[in-house]
Amino acid sequence: MTDGAVSEVPRVLVAADKFKGSLTAVQVAERVTAGLRKVAPTVRVETLPVADGGDGTVAAAVVAGFERRQVRVTGPLGEQRDAAFALRDGVAVVEMAEASGLQHLPAGVFAPLTATTYGSGELLRAALDAGARSIVFGVGGSATTDGGAGMLAALGARFLDAAGQPVGPGGGGLRDLVSADLSGLDARLADTEIVLASDVDNPLTGPKGAAAVYGPQKGAAPGDVETLDAALGHFAVVLEKAIGSKAAEAARAPGAGAAGGIGYGALVGLGASFRAGIEVMLDVLGFAPAVARATLVITGEGSLDEQTLHGKAPAGVAAAARAAGKEVIAVCGRLMLPAEVLGQAGIRRAYALTDLEPDTARCIAHAGPLLEQVAENIARDFLS
């Protein structure tokens, strides 16, 4: 046996996130499985694609046995589009990126001041209509910075300007906000457990807030960031006048700044509780019984870097697997963490595609075959 080999017939659990821009989590699992079996044909492989609340969360739930439900909602630019959520036994997994994600913008087109989360509210309402009484609300990958105002409006809230008219869409519209009324919110929300699942714990405003940290990746110029941060702060002030001090407290709470501030809207308007996205999803997907059956766990994502250590899927999988006494190997497109840091995170060893193909463009273009080769190497090192 080689380093790390196991004496029994191995059972491998592949619980990896997507390689963004090249492979979905499902494709990662398929390629790793194929590579392992080329070298160790008798290996028993169980796949559990994972996600941390961002794009790919609904797909992971569907693979785990949830039913996919598709509805028509409003996209970030106000257009009509199809979006999906997942449902099983009264539990819904709703991914805001399905309705309000950055991937729905045309190439090179951004709308930092006007992109709306209205469709995310419609998606939540569809989950309620379908009988959901517990909702995992995964947020991330948004095109929006509206504090969740659009989402709340779709669920019955009213945000009015000085003329008594609804304010315009997006964070920019919040500059004109004079009054807020949450009394019309869907009554079913009061009887529904909603968990805000996110991999970030930013507050709503300030240097670590939604606009400052994430606005630029949504096309916000420096002046737009200032405008959006001020608008979000104004939004919180108006809500405080409407519903009291909990509005100000929610603005400072971890997760309020997630996905352009939709976390704030969920906390203050939907009564959501905040949890690390990967922890929630591991519970929902049934990770505990799956890891109990495994002798080796393989996790990963496109880039293993400092961000991975702060709530990303591989770190969550590694922590849970280590708690269960299982060894963890990681696969990735590129590796930016030293072995010592990986070890502290519970990862025995990491294999990067760039070790086989240093050219990044080629690495992305041929990620599938390269990942199979990486998996073959893992099998030789740990399963032969």
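This is a short chat about a pocket and some aromatic rings in a predicted model.

Q: Hi! How much space lies in the largest pocket?
A: About 1000 Å³.

Q: And how many residues line the largest pocket?
A: The lining has 36 residues. Those nearest the centre of the pocket are Asp52, Asp199, Val200, Gln307 and Lys312.

Q: Which elements give two or more residues to that lining?
A: Two helices do, H7 (210-214) and H10 (258-269). Two strands do as well, S10 (273-276) and S11 (296-304).

Q: How do the lining residues divide into nonpolar, polar and charged?
A: There are 16 polar residues, 11 charged ones and nine nonpolar ones.

Q: New topic! How many aromatic pairs are in the whole structure?
A: A search finds two.

Q: Why is the pair of Phe159 and Phe235 edge-to-face?
A: Planes over 60 degrees apart count as edge-to-face. The planes of Phe159 and Phe235 are at 75°, so this pair fits that label. Their ring centres are 5.5 Å apart.

Q: Where in the chain do those two sit?
A: Phe159 is in strand S7 (residues 158-160) and Phe235 is in helix H8 (residues 222-243). They are 76 residues apart, so the pair links distant parts of the chain.

Q: Are they buried or exposed?
A: Buried: Phe159 has a relative accessible area of 6%, and Phe235 has 0%.

Q: What about the pair of Phe235 and Tyr264?
A: That pair is edge-to-face too, with 5.9 Å centre to centre and 75° between the planes. Tyr264 is in helix H10, 29 residues from Phe235, and Tyr264 is buried.

Q: Which residues do the ring pairs link into a cluster?
A: Phe159, Phe235 and Tyr264.

Key: Residues are numbered from 1 along each chain as its sequence is written. This is a predicted model: local features need pLDDT of at least 70, side-chain atom pairs count only at pLDDT 80 or more; totals for chains, interfaces and linings use all residues. Side-chain values use heavy atoms; hydrogens and water are left out. On a 1 Å grid over the protein atoms alone, a cavity is a set of points where a 1.4 Å probe fits but cannot get out, and a pocket is an open set with protein on both sides within 12 Å along at least five of seven lines; lining residues have an atom within 4 Å of a point. Grid points are joined across faces, edges and corners, and a volume is the space filled by probe spheres set on the points. Helices (H or I, at least four residues) and strands (E, at least two) are DSSP runs, numbered from the N terminus. Ala, Val, Leu, Ile, Met, Phe, Trp, Tyr, Cys and Pro count as nonpolar, Asp, Glu, Lys and Arg as charged, and the others, Gly among them, as polar. Rings of Phe, Tyr and Trp (its six-membered ring) pair if their centres lie within 6.5 Å; planes under 30 degrees apart count as stacked, over 60 as edge-to-face and the rest as tilted. Buried means under 20% relative accessible area, exposed over 50%, partly exposed in between (1.4 Å probe, protein chains only).
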